[in-house]
Structures are given as structure tokens and as C-alpha cells.
Amino acid sequence: MNQVVAFAAVVLSAGAGLPSGALVAAAQGPPREIVVYASDLPKGALSEFAVWDDPASPGGKMVGTSNTGDELDPPPENDPHVTFKMQVQGGVPYRCWIHMKVGVPKGKSRANKFWVQMSGAVDKANTEVLRPGTGSYLTAQGRAQPGWAWVGCDLAGLEPAGSLIYFGTTGEVTVRLQAGMEGVGFDQFVLSPGRFLQKPPSAAVVEKGGED
């Protein structure tokens, strides 16, 4: 009995300060790494995004937008975007990464930005945030030089540790990746509760269910 009480005390201590549902999540077992390949997305998931061949990408495909040199507006404006669904676990921290293809700059566009929204996300006060169709979003700002890189999804003005994502409940959520600049593309989206919580993947391709 003493061992049971001690274990409960540890769980309660570990859950202090987390959004509601964290202790339930602990009882459900470790959450899984979520890896989405652009090559697996149906055409219906793409709005003003094109599918491009890229031999280095999973499935040989990536998605991106053409670059006319014009500006794009942040959510809730309905600019070029990609939407898909995934299963998440409530009450545990996640970190979002996009394997971004920075395009060639043109006009007003640096071709290196995504805005990210997710249904069901909550802050520490258990208030809904990041919901598609609102002005709440994360920003994935890539480097200035054209090419591939893993880019974190961050809250404006906060260090990466302040950009962890929590969900109020376990279940299916909708992810919306909106182009922040014309000419940007991606081939992988990772939502990590473990391996990449503190740092990005080290390899160009993250295997589903395996190591990077």
C-alpha cells in the first residue's frame, strides 16, 4: 500500500501546472510520434498547393506554392493551405516541426514561412488556442537561404520551450498549415511528444514508427 501511495504522489507532482487531462494521459501510456508525409495527403487536403516531384522526399513528392512575388496574409485570412487530421493524446506536451523547402526569393516573398493551426489545442489555463479560422497560430520561420531544413513551429516572441502544444482531450484533431509566403513548400510534418521535443530531427527523412 505504501508503494501505491508513493507512486500516486509522484504522478501528482509530475502533473502540477499542466493542463487538465495530464494525469489521464499518463494512465493511457506513452503518446506516439506523429509523422505525416506530404506524399500521403489526398488532393482534397490541398488548397492552392501543388504536388511537386522531389526524389529526396518520402514517396518522391513534396507540396508547395508558386511564387509571384506577392504577399500573403496570416490567419484568419484564407490563403493557400493544407489540412489533414491526426490522433493526439490529451494533456501531454508536443513540439511541431516542418521539413521546409525554402524557395527562391522573389519580390516581397522570401518563400520561407508557414503558419500552423490545430483544433483542440489549449493553453495552461485550458483555454482553446490555435483553432483554424481564428487569428491564433504558430509560426514556422525558415532560414533565408533556399533549400531544405527542419523548422520549429513557434509562438511569436517565445523561446522554443514556450511553444509546446497541449491538447484538451484525446482524439482526432485537424491541422492546418497555411503558407506564410509564396514559393514555400514541405514534405514532412512531425508532432513529437518525445524524441523531438527539445531538438529537431537530425536526418532529412523521419521514418514512421522508427528512429530519425
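This is a short spoken walk through one protein chain, given at a group meeting.

Okay, hi everyone. Before anything else, please keep in mind that what you see is a predicted model.

Let me start with the whole chain. There are 212 residues, and 46% of them are buried. In terms of secondary structure, we have two helices and 13 strands. The exposed surface comes to about 10,400 Å², with carbon and sulfur atoms supplying 55% of that area. And how much of the contact map comes from residues 24 or more positions apart? If you take the contacts with a separation of 6 or more, such pairs account for 76%.

Right, salt bridges. How many does the structure hold? Five, and I'll show you some of them.

Please find Asp40 and Lys208. Their side chains meet in a salt bridge, at 2.5 Å from N to O. Asp40 sits in the loop between strand E1 (34-37) and strand E2 (46-47), and Lys208 is in the segment after strand E13 (185-192), so this pair ties together parts that are 168 residues apart in sequence. As for the surface, Asp40 is partly exposed at 47% relative accessibility, and Lys208 is partly exposed too, at 44%.

Next one: Asp54 with Lys101, another salt bridge between side chains, this time at 3.9 Å, N to O. Here Asp54 is in the loop between strand E3 (50-53) and E4, while Lys101 belongs to strand E6 (residues 95-102), so the pair ties together parts 47 residues apart in sequence. Is Asp54 buried or exposed? Buried, because its relative accessibility is 10% and the cut-off for buried is under 20%. Its partner Lys101 is partly exposed, with a relative accessible area of 26%.

The last one I'll show is Arg131 with Glu128, where the closest N and O atoms are 3.3 Å apart. Arg131 counts as partly exposed at 39%, and so does Glu128 at 46%.

While we're in that stretch, take a look at Leu130. This residue is in the loop between strand E8 (121-122) and strand E9 (138-141), and it's buried, with a relative accessible area of 5%. Now check the backbone: phi of Leu130 is positive, about 65°, although the residue is not a glycine. Why point that out? Because most residues other than glycine have a negative phi.

Glu48 is another case, with a positive phi near 65° in a residue other than glycine. You'll find Glu48 in the loop between E2 and E3. Whereas Leu130 is buried, Glu48 counts as exposed, at 58% relative accessibility.

One more backbone point, and this takes us to the loop between E4 and E5, where Pro76 has its place. What is the peptide bond from Pro75 to Pro76, cis or trans? It's cis, with omega near 15°. For background, most peptide bonds are trans.

Stay in that loop for a moment. Asp73 is found there as well, between strand E4 (61-64) and strand E5 (81-88). On the surface, Asp70, Glu71, Asp73 and Glu77 gather in a patch of negative charge. Asp73 itself is partly exposed, with a relative accessible area of 42%.

Let me finish with two residues and their surroundings. First up is Glu172, in strand E12 (residues 171-179). Glu172 is exposed, with a relative accessible area of 53%. Which residues does Glu172 contact, leaving aside its neighbours within four places in sequence? Those are Lys85, Met86 and Gln87. You can also compare Glu172 with Ser119: they're 53 residues apart in sequence, and their C-alpha atoms are 8.9 Å apart in space.

Then there's Leu164, in the loop between strand E10 (147-152) and strand E11 (166-167). Leu164 is partly exposed, at 26%. Setting aside neighbours within four places in sequence, Leu164 is in contact with Pro93, Tyr94, Arg95 and Leu197. And Asp154, 10 residues away from Leu164 in sequence, is 8.2 Å away in space, C-alpha to C-alpha.

That's my tour. If you turn the structure on your own screen, you could begin with the pair Asp40 and Lys208, joined by a salt bridge, and then go to the patch of negative charge with Asp70, Glu71, Asp73 and Glu77. Thanks, everyone!

Definitions and conventions. Residues numbered from 1 in each chain as written. Predicted model: local features only at pLDDT ≥ 70, side-chain atom pairs only at ≥ 80, totals over all residues. Heavy atoms only, no water. Patch = residues over 30% accessible without salt bridge, like charges linked within 9 Å, V, L, I, M, F, W, Y side chains within 5 Å. Areas by Shrake-Rupley, 256 points an atom, 1.4 Å probe, with all protein chains shown as cover. Salt bridge = Lys/Arg side-chain N within 4 Å of Asp/Glu carboxyl O. Lys, Arg positive; Asp, Glu negative; His and termini not counted. Charge placed at Lys NZ, Arg CZ, Asp CG, Glu CD. Helix = DSSP H or I, 4+ residues; strand = E, 2+ residues; numbered from the N terminus. Buried < 20%, exposed > 50% of the residue type's maximum accessible area, 1.4 Å probe, protein only. Contact = heavy atoms within 4.5 Å.
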